[in-house]
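Subject: Structure handover and notes

Dear colleague,

I am passing on the structure we spoke about, together with my notes on it. Please look through the model first and then read the notes beside it.

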Amino acid sequence: MDFLSILLLLGTVLLTAVLLLVTWAIHYHITKTEIPPGISQSFKLRCLHCLLIIAFGLNYVLNKMHIRVGYSLLRFLMDGIPPLKDPQLSIKNLNFDGVPVRMYQPKGSSDGGWRGILYFHGGIGMFGSIDAYERVCRGIAKESNSLVVSVGYRLAPEHPYPAQFNDCLTATTYFMKNIKKFGVNPAMIIISGDSSGGTIAASVCQNLVNRADLPKIWAQSLIYPYLQGVDFNWPSYQRNSRIPLFFQNQVVEFGLLYLQQDMSLVKDVLEGWHIPQDIKQKYSKWLGPENLPKECKWEGYRSPRPSSNPTRTYEGFKIAFEKTISPLLAEEAVVQKLPEAYILTCQYDVFMDDGLLYRKRLEDCGVGVTWYQLEDGFHGVLFFVNHWLFSFSGAQSGLNSIVNFIKRL
């Protein structure tokens, strides 16, 4: 068989696989995916979820055909079509001590210096980029009249954990040490991030509380953050277990992929069998569902059955208890010193309770918290602000709330 015939055969197989995948995705995910009535623009969310399933499926097919694309196809799709030039912003690509960043500065002047916001994008540490979050960072910079620095940290699995945290910490330290060069008021530095970027933002703030050689962080802005690896069965996980864009089982599956741990542990971790009872008891005063606000408790919650022998699973997953992965577990002496916080949670997000319990932890330690609940929000909604076909009203509501917090400080 000559080369052209092989190429045609591969093309036919690939096209057939794609058509089957699209047919299955449309039939199953558009018609059967659970979308609560509280989510506005539900059909648009169904279509978006379907496209994501097709993209992940196509990535899987290509890898099975030994067309090794890794995650590059998915990352390319996430970057999307870049927005047009914005005449109200000066945008520069820079390098902070080896870490690529993009700086968004409103044109004009700012009396007393700019507010300086460092933004860490979401994406499970494996997806996302400066380009992907262009619209989000432009929106924050323009509407809050602040200088925003989007950090392009390295991604796993090519760059294993904790490279993502290390890059963000490096960029933050460089920015703070050179703050006057950028015209930023050293008393007005905000650390922000969404999803796994919110995890990093919380961890960076904790890491810097005792750095006397750097300016104090003014505030932290955490947008539907993941904050702990102890319990994946909290009420928000159970209630939103099959609601797009991030299912309960996917949190554990992608978490294990990101941390490059044994994928056979998925079931045990989902069952809560990865943590010994003595360690769970140690954290219970912070993490128990009884600590949730009354209005956010769920009558359908069922406590998971404890494992009689969690040792193997615990040894394989204990990396998830490190403070850079689980900032909710930080020592009280650290939490007490943290700056004022803004926390955005979404009603239809598995991570909602992470944000609520961190809010309580901060408030119990005397840290001021502004909490905003996006009632029709789902995980990742902010990413779609001003995203033409897939722009959701909740994205603009979330952005408005973030901007209002920044302007009120």
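The notes below go from the overall make-up to the sheet, then to the salt bridges and a few single residues.

Please keep in mind throughout that this is a predicted model. The protein has 14 helices and 8 strands, and of its 409 residues 57% are buried. Among the contacts with a separation of 6 or more, 76% are between residues 24 or more positions apart. The accessible surface of the protein comes to about 18,000 Å², and carbon and sulfur atoms account for 58% of that area.

The sheet

The strands form an open sheet of 8 with mixed pairing, in the order β1-β2-β4-β3-β5-β6-β7-β8. Its edges are β1 and β8 (369-378), each of which pairs on one side only, and neighbouring strands are turned against each other by 20° on average, with direction ignored. Helix α5 (residues 163-177) packs on this sheet and touches β1, β2, β3 (114-120), β4 (147-151) and β5 (184-194), while its direction makes about 170° with that of β3.

Going through the pairings from the β1 edge, β1 and β2 (residues 99-106) are antiparallel and share 8 bridges, with Asn93 standing opposite Arg102 in β2. The pairing of β2 with β4 is also in the antiparallel sense, over 4 bridges, and here Arg102 stands opposite Ser150 in β4. Between β3 and β4 the sense is parallel, over 5 bridges, and Gly116 has Leu147 of β4 as its bridge partner. The strands β3 and β5 likewise run parallel and are joined by 6 bridges, one partnership being that of Trp114 with Val184 in β5. Next, β5 pairs with β6 (residues 219-223) in the parallel sense over 5 bridges, and the bridge partner of Gly193 in β6 is Leu222.

How far is β4 enclosed by the rest of the structure? It is largely enclosed, because 5 of its 5 residues are buried. Leu147, Val149 and Val151 point one way from β4, whereas Val148 and Ser150 point the other way, and all are buried. β5 is mostly covered, with 8 of its 11 residues buried.

Salt bridges

Side chains of opposite charge can pair when their charged atoms come close. The structure holds 13 salt bridges, and Arg102, which was met above in the strand pairings, takes part in one of them: Glu134 forms a salt bridge with Arg102, the closest N and O atoms being 2.7 Å apart. This pair links distant parts of the chain, since Glu134 is in helix α4 (residues 134-144) and Arg102 is in strand β2, 32 residues apart. Both Glu134 and Arg102 are buried.

Glu134 also forms a salt bridge with Arg138, with the closest N and O atoms 2.9 Å apart. In this case both residues, Glu134 and Arg138, lie in helix α4, 4 residues apart, which is about one turn of the helix, and both are buried.

A further salt bridge joins Glu331 to Lys323, where the closest N and O atoms are 3.9 Å apart. Glu331 has a relative accessible area of 45% and is therefore partly exposed, and Lys323, at 30% relative accessibility, also counts as partly exposed. Salt bridges that share partners join Arg102, Asp131, Glu134 and Arg138 into one network.

Single residues and the surface

Is Cys205, which is found in helix α6 (residues 196-207), buried or exposed? Its relative accessibility is 1%, so Cys205 counts as buried. Leaving aside neighbours within four places in sequence, Cys205 is in contact with Ile191, Ile217, Gln220 and Leu338. The C-alpha atoms of Cys205 and Lys216 are 9.5 Å apart in space, and the two residues are 11 apart in sequence.

On the surface, Ile81, Trp388 and Leu389 form a nonpolar patch with about 370 Å² of accessible area together. Ile81 is found in the loop between α3 (72-79) and β1 (89-96), and because its relative accessibility is 53%, Ile81 counts as exposed.

With best regards

Definitions and conventions:
Residues numbered from 1 in each chain as written. Predicted model: local features only at pLDDT ≥ 70, side-chain atom pairs only at ≥ 80, totals over all residues. Heavy atoms only, no water. Patch = residues over 30% accessible without salt bridge, like charges linked within 9 Å, V, L, I, M, F, W, Y side chains within 5 Å. Areas by Shrake-Rupley, 256 points an atom, 1.4 Å probe, with all protein chains shown as cover. Salt bridge = Lys/Arg side-chain N within 4 Å of Asp/Glu carboxyl O. Helix = DSSP H or I, 4+ residues; strand = E, 2+ residues; numbered from the N terminus. Buried < 20%, exposed > 50% of the residue type's maximum accessible area, 1.4 Å probe, protein only. Contact = heavy atoms within 4.5 Å. Pairing = 2+ DSSP bridges. Axes fitted to C-alpha atoms, helices over the stretch in contact; angles between N-to-C directions.
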